[in-house]
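Let us walk through this structure, one helix at a time. Then we turn to what lies inside.

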Amino acid sequence: MPLAPVEDGALPGPVLTEIATLYATNHAFFELSGDFPDPGRITVEQVAAALADELAHDGAEVLLARSAGRLVGLAATLAHHPDPAVEDPDPWIGLLLIDATTHREGHGRAVVALVEERFRAAGRTGVRIAVLDANEKGLAFWRAQGYEVLRQAADREAGRPCTVLRKTL
């Protein structure tokens, strides 16, 4: 499964359409997160804006995962905590989206393993993620990948309750 970075947020229309379709399959997650006004009708323009927001952070990457040529996943990563005032040596996974029509087929585990390997190859010793407390399936997934709970926190965007998890690489 190749994992390729999005260069400078410059996405050709067909790729952006694929990503918007991937976002749209995750209706339940976006209903939970409240990131889009109408999770049942996520537009290409909204996805383009969301990706631009992800890439606005210094050291951010958006990685695309394909299986048999089809986009099956997206991971947004940060080389360090987005708030420079926070002392945190670990990189972060800001978002992991897997095509909901392929959940439980191993794509999520594979993408996480590839992201972790990228960080490991860059000499990083751990990785963190904040998961919305209301996302019980997400919390179970990350724990199954070996991530351990560090603390409770509020997310930076909307103050939603989250669990911060970390995995030693």
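In α1, the buried residues (under 20% relative accessible area, 1.4 Å probe, protein chains only) are Val15, Leu16, Ile19, Ala20, Leu22 and Tyr23. Seen down the axis, they fall within an arc of 155 degrees (taken from the directions from the helix axis to the C-beta atoms), so they line one face of α1. An α-helix has 3.6 residues a turn, so residues three or four places apart point the same way. The buried residues of α1 pack against α2 (27-33), α3, β2, β3 and β4, with contact meaning heavy atoms within 4.5 Å.

This is a predicted model: local features need pLDDT of at least 70, side-chain atom pairs count only at pLDDT 80 or more, and totals for chains, interfaces and linings use all residues. Residues are numbered from 1 along each chain as its sequence is written, and side-chain values use heavy atoms, without hydrogens and water. Helices (H or I, at least four residues) and strands (E, at least two) are DSSP runs, numbered from the N terminus.

Now the interior. The largest nonpolar core (buried Ala, Val, Leu, Ile, Met, Phe, Trp, Tyr and Cys joined through side-chain atoms within 4.5 Å) has 19 residues. Among those touching the most other members are Ile19, Tyr23 and Leu51. α1 gives the most to this core, with six residues. A second, separate core of 18 residues includes Val112 and Val115.

Both of these valines are also among the buried residues of α4, as are His107 and Phe119. The buried residues of α4 fall within an arc of 165 degrees, so they line one face. On the other side, Arg109 and Ala121 are exposed (over 50%).
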